Amino acid sequence: MYDCPVCGFHGIGKPYERWPPPEGLVLTPPYVVQLGNPSYEVCERCEYEFGFDDDPGGSSPVSFEEYRVEWVASLPRLTGPVAPGDP
Ligand SMILES: [Zn+2]
């Protein structure tokens with residue numbers, strides 16, 4: 001089992017052929033170029049699809065970092081404004 005490079009979820013299969021990436025390698029999507037064949041697994045926590053989200057054909061690739069920012073922004077807030085009438 002490996003950690004998801006987007007959200008840190010521990011429990012994904014090997015996302016790419018060469019994983020973990022070599023130390024010091026700056027990753028640029030599509031990751032197939034640097035890391036080999038993707039698993040096309042979808043992370044069950046953040047729903048990143050290795051090999052698809054970084055290489056989506058017609059649309060622009062999304063890096064782990066970009067996806068993480070969007071994923072974090074989409075999470076429900078743990079503390080929200082207190083509704084009127086709450087004690
Ligand atoms: Zn994930």
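These legends accompany close-up views of a predicted model.

**View 1. The whole chain, from strands to helices.**
The protein has two strands and two helices. Read from the N terminus, the order is β-β-α-α. The chain counts 87 residues, and 21% of them are buried. Take the contacts between residues at least 6 apart in sequence: 44% of these join residues at least 24 apart.

**View 2. The largest nonpolar core.**
This core holds 13 residues. Seven names stand out for having the most contacts inside it. The cysteines among them are Cys 4, Cys 43 and Cys 46. The tyrosines are Tyr 16, Tyr 48 and Tyr 67. Val 6 completes the list.

**View 3. Tyr 67 and its partners.**
Tyr 67 is one of the core residues with the most contacts inside the core. Leave aside residues up to four places away in sequence. Tyr 67 then touches Val 6, Tyr 48, Asp 53 and Val 62. Two of these partners, Val 6 and Tyr 48, are also named among the core residues with the most contacts.

**View 4. Arg 45 in the loop between the helices.**
Arg 45 sits in the loop that runs between helix H1 (32–35) and helix H2 (64–74). Its contacts include residues from early in the chain's numbering: Arg 45 touches Cys 4, Cys 7 and Phe 9, not counting residues up to four places away in sequence. Look also for Trp 71. Arg 45 and Trp 71 are 26 residues apart along the chain, and their C-alpha atoms are separated by 9.7 Å. Why is Arg 45 partly exposed? Arg 45 has 15 other C-beta atoms within 10 Å. A residue needs 20 or more to be buried and 12 or fewer to be exposed, so a count in between is partly exposed.

**View 5. Two cis peptide bonds.**
Both bonds in this view lead into a proline. One joins Trp 19 and Pro 20, with omega about 0°. Pro 20 is found in the loop between strand E2 (10–12) and H1. The other cis bond runs from Pro 29 to Pro 30, and its omega is near 0°. Pro 30 lies in the loop between E2 and H1 as well.

**View 6. Tyr 40 and Glu 47, with positive phi.**
Neither residue is a glycine, yet each has a positive phi. For Tyr 40, phi is near 60°. For Glu 47, phi is near 65°. Tyr 40 is found in the loop between H1 and H2. Glu 47 also has its place in the loop between H1 and H2. Is Tyr 40 buried or exposed? Tyr 40 counts as exposed, because it has 10 C-beta neighbours inside 10 Å. Glu 47 has 13 such neighbours, so it counts as partly exposed.

**View 7. Gln 34 in helix H1.**
Gln 34 is found in helix H1. Which residues does Gln 34 touch, not counting residues up to four places away in sequence? They are Leu 25 and Leu 27. Pro 22 can be located from here too. Gln 34 and Pro 22 are twelve residues apart in sequence, and their C-alpha atoms are 9.7 Å apart in space. Gln 34 is partly exposed, because 15 other C-beta atoms lie within 10 Å.

Note on methods: Residues are numbered from 1 along each chain as its sequence is written. This is a predicted model: local features need pLDDT of at least 70, side-chain atom pairs count only at pLDDT 80 or more; totals for chains, interfaces and linings use all residues. A nonpolar core is a set of buried Ala, Val, Leu, Ile, Met, Phe, Trp, Tyr and Cys residues joined through C-beta atoms within 7 Å. Two residues are in contact if their C-beta atoms, placed from the backbone, lie within 7 Å. Helices (H or I, at least four residues) and strands (E, at least two) are DSSP runs, numbered from the N terminus.
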